[in-house]
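Welcome, and please get your viewer ready. We will walk from one selection to the next, and at each stop I will tell you what to look for.

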Amino acid sequence: MSNTNYIGQSPKRVEDKRFTTGNGRYTDDIVLPNMTFAHFVRSPHAHAKIVSVDTSEALAMKGVVAIFTGQDMKKTGIVGVPAGWQVDFINGDRMKEPPHALLVWDKARHVGDGVAMVIAESRAAARDAAEAVVVEYDVLPAVVNAAKAVHDNAPLVHDDAPNNKAFDWTLGNPIGEVDAAIAACAHVTTLEFTNQRLSPNAMEPRCAIGNYDQYNEKYTLYTTSQNPHLTRLLMCAFVLGIPEHKVRVVAPDVGGGFGSKIFHYIEEAMVIWASKQINRPIKWTSTRTEAFLTDAHGRDHVTKAEMGFDKDGNVKALRVNTFANLGAYLSTFGPAVPTYLHGTLLQGLYTTPKINVKVTGVFTHTTAVDAYRGAGRPEATYLLERLMDKAALEMNRDPAALRFQNFIPPFDGVTQPGYVTQVALQYDSGNYGPVLERGLEMVGYENFRAEQAAARKKGKYLGIGFSTYIEACGIAPSAVVGALGARAGLYESAQVRVQPTGKVSVYSGSHSHGQGHETTFAQVVADKLGIPMSDIEIVHGDSEAVAFGMGTYGSRSLAVGGSAIVKSIEKVLEKGAKIAAFKLEAAVEDLEYANGKWTVKGTNKSIGFGDVALTAYVPHHYPAGLEPGLDFSSFYDPANFTYPFGCHIAIVEVDIETGKVKLNRFIAVDDVGNVINPMIVDGQIHGGLAQGIGQAMFEEVLYDDDGQLVNASYMDYTMPRADDLPMFETDRTVTPCPHNPLGVKGAGEAGCIGSTPAVVNAVMDALHPFGIKDLVMPMTPERVWRAIHG
């Protein structure tokens, strides 16, 4: 690697030195003077009236500092935590948005609902005292299934949400047109399925520390957040009513999130509010059981989908009806996931001319559901790709050929306009055939089909499954998402501060929880400025250091955050050129910038970046009228989403005696636009694949009919282990994004989006001789065995 060419290279991750040596600084590592510890009393019932809460015995216990109950919070007038997205009913009625109280005083609405907060001198003392709080409950019937919760006789989660509906929503062509198109089709493939609920299971449990400074009347919140500025905005403007300039939110190193740490949680607001009441810092750290019960879950759709084809195999129409489980309360982006992140992606890669999707958002007596890696895009991809493979089997067509036949033709978004879908989006650029062609080449498709046929004669059942996906990343622009219901802008900010010595500090509103921002952002800056990466520091996660930001989720860091950095770099270079021109006694237009210096064209006269930086701060010999300093900020609001795409192929072997599915091979060919750091992109793809395969084969949050989460531990909730997965075979095509300065599209969620249906399709292909057309995920040995032998 040259010392100026960093984009496209794979230097080691800068941040890994501290992580691999145990020197990361996570929220729970922070110890403040005179700190106390909190433990929450949580409802053991999914639905119950709170008759009384007796804290007298607990308050008398050694080390207890204070106890706050729902009745205490009711007296404050604090309404609770709001949603960050508005989705209205089809008839124009407003979304039902019952308050999510910081501590409940009337009814508990899911197992784990917070009833009281115990604060003590130690974790152990707080936990022991919490067990001494006596709560009398009047247990009520519960409902956990979204499709059943809308029935007239279902128990209500909230009295002001009839039939437990938060909203119903539709998108696409008029339903009458789609009905007619379906009726006219030569073949219609129908799929009724549940996209099961998942738990995010970040490596680091959530943690929050609240600290009130009575002398300066300021608050500090340390929290495990992907989005510290949004947490501050929601907490200040909508929950506690504290002026924003009085609150600092710090998210130090964050050990994974997968979406679950985007949202503003009640524990964050409670430790801040209570720290003022006791005038001491308060730390709360989630246990693993609490994480299962209170971290926002993902997925949980009950869907009926119908895809119609003409006699030649061309897709003519798609009709979708989904009940989306939102849990007991609306989480920050909960309403957006099944609508604007799921419904808008149902065009997929195909030229389907008629599409209608209806989504009903439903309250149930379960943990809130929100964005989990992929957030709506995996659900849309699963629906489309299962339909496509099922249709191929039903019509006796090759599943790869059926996809090629229906792909949207290539377009670059520059010489040809972006592709306008039937579901409100305009794709930026795409060339979908090559990813599938490369995948078929890597897998050796014709040879595999011959091997499969020979194996079946010997009683060995192999299967191959395809998934060709598209996703929307870098959610934007703000004006559009605002019209669609977003209650915040979705831009990003970046400040590039050149120090007098030429070293550079970058302050980004994006925040890393494993993505490697300190490396990739530094690569972008080093490449653009022609300086060593070691001269650059990346600062993020602190609302006092970074003016504002919208955080990290939706694979937006480089596409939005990186573009904001580039805008600030351009301002630095523009001003630097004026200083360089003055020092070199040349016109700005006669200069060129490369390898960290400005040079007068056609000469050897030049001045280095560091010399210009020093001149900017020591302006003794300086252009008249030009202010000193070299420090610029930018806000970047994208013109559109970015649209990565790809092809995932799974090969499985099913043991018909035991039902065990073995994943023999997995091929992923992704197009994420231009790539800054190939190693980091590969790592993102690998991690996403593991999670997507986990959904297909292992993972599921299980509630019983009483609303009890029956597998809320790692003894019961199965996640993939290393020996469950093959060595992933990956490759890429490159179709640059035409509307951001880096040409990047996003890679963080791609693996999780395409992999799940690829695995399920492979299992269905293996089981085709048994007449099995569909199975409920996950593909556990018991389910597969029962399908074969039932």
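What is the order of the strands in the open sheet of 5 strands? Reading across, the order is β7-β15-β14-β13-β8, and the pairing is mixed. Keep in mind throughout that you are looking at a predicted model.

**Stop 1: the sheet**

Select residues 165-172 and 187-198 to mark the edge strands, β7 and β8, each of which pairs on one side only. From one strand to the next, the twist averages 10 degrees.

Now move inward and colour β14 (residues 315-327) and β15 (residues 355-363). These two strands run parallel and are joined by 9 bridges. Pick Gly327 and look across to β15: Phe363 stands opposite.

Next, show residues 377-394, which make up helix α10. This helix lies across β8, β13 (298-309) and β14, and runs at about 145 degrees to β8.

**Stop 2: a stacked pair of rings**

Switch on the aromatic side chains; the whole structure holds 28 aromatic pairs. How are the rings of Tyr350 and Phe407 arranged, stacked or edge-to-face? Their planes are at 10 degrees and their centres 6.0 Å apart; planes under 30 degrees apart count as stacked, so this pair is stacked.

Trace the backbone from each ring and you will see that the pair links distant parts of the chain, 57 residues apart. Tyr350 belongs to the loop between β14 and β15, while Phe407 belongs to the loop between α11 (399-406) and α12 (433-443).

Are these two rings buried or exposed? Tyr350 is buried, with a relative accessible area of 1%, and Phe407 is buried too, at 9%.

**Stop 3: the wider cluster**

Stay on Phe407 and add Phe404. This aromatic pair is edge-to-face, with 5.9 Å centre to centre and 80 degrees between the planes. Phe404 is partly exposed, with a relative accessible area of 29%.

Then widen the selection to take in Phe411, Tyr419, Tyr427, Tyr432, Phe641, Tyr643 and Phe645. Together with Tyr350, Phe404 and Phe407, these residues form one aromatic cluster.

**Stop 4: a charge over a ring**

Select Arg206 and Tyr265. What sits over the ring of Tyr265? It is the charged end of Arg206, 3.6 Å from the ring centre.

**Stop 5: backbone details**

For the last stop, turn to the backbone torsions. Most residues other than glycine have a negative phi, and most peptide bonds are trans.

- Go to Asn163, in the loop between α5 (146-149) and β7. Its phi is positive, at about 55 degrees, although Asn163 is not a glycine. The residue is partly exposed, with a relative accessible area of 27%.
- Continue to Asn201, in the loop between β8 and β9 (207-213). Here, too, phi is positive, near 55 degrees. Asn201 is buried, with a relative accessible area of 13%.
- Finish at Pro778, in the loop between α19 (750-766) and α20 (781-789). Which form does the peptide bond from Met777 to Pro778 take, cis or trans? It is cis, with omega near -5 degrees.

Conventions: Residues are numbered from 1 along each chain as its sequence is written. This is a predicted model: local features need pLDDT of at least 70, side-chain atom pairs count only at pLDDT 80 or more; totals for chains, interfaces and linings use all residues. Side-chain values use heavy atoms; hydrogens and water are left out. Two strands pair if DSSP finds at least two bridges between them. Helices (H or I, at least four residues) and strands (E, at least two) are DSSP runs, numbered from the N terminus. Axes are lines fitted to C-alpha atoms, for helices over the stretch in contact, and angles run from 0 to 180 degrees between N-to-C directions. Contact means heavy atoms within 4.5 Å. Rings of Phe, Tyr and Trp (its six-membered ring) pair if their centres lie within 6.5 Å; planes under 30 degrees apart count as stacked, over 60 as edge-to-face and the rest as tilted. Buried means under 20% relative accessible area, exposed over 50%, partly exposed in between (1.4 Å probe, protein chains only). A charge sits over a ring if NZ of Lys or CZ of Arg is within 6 Å of the ring centre and within 35 degrees of the ring normal.
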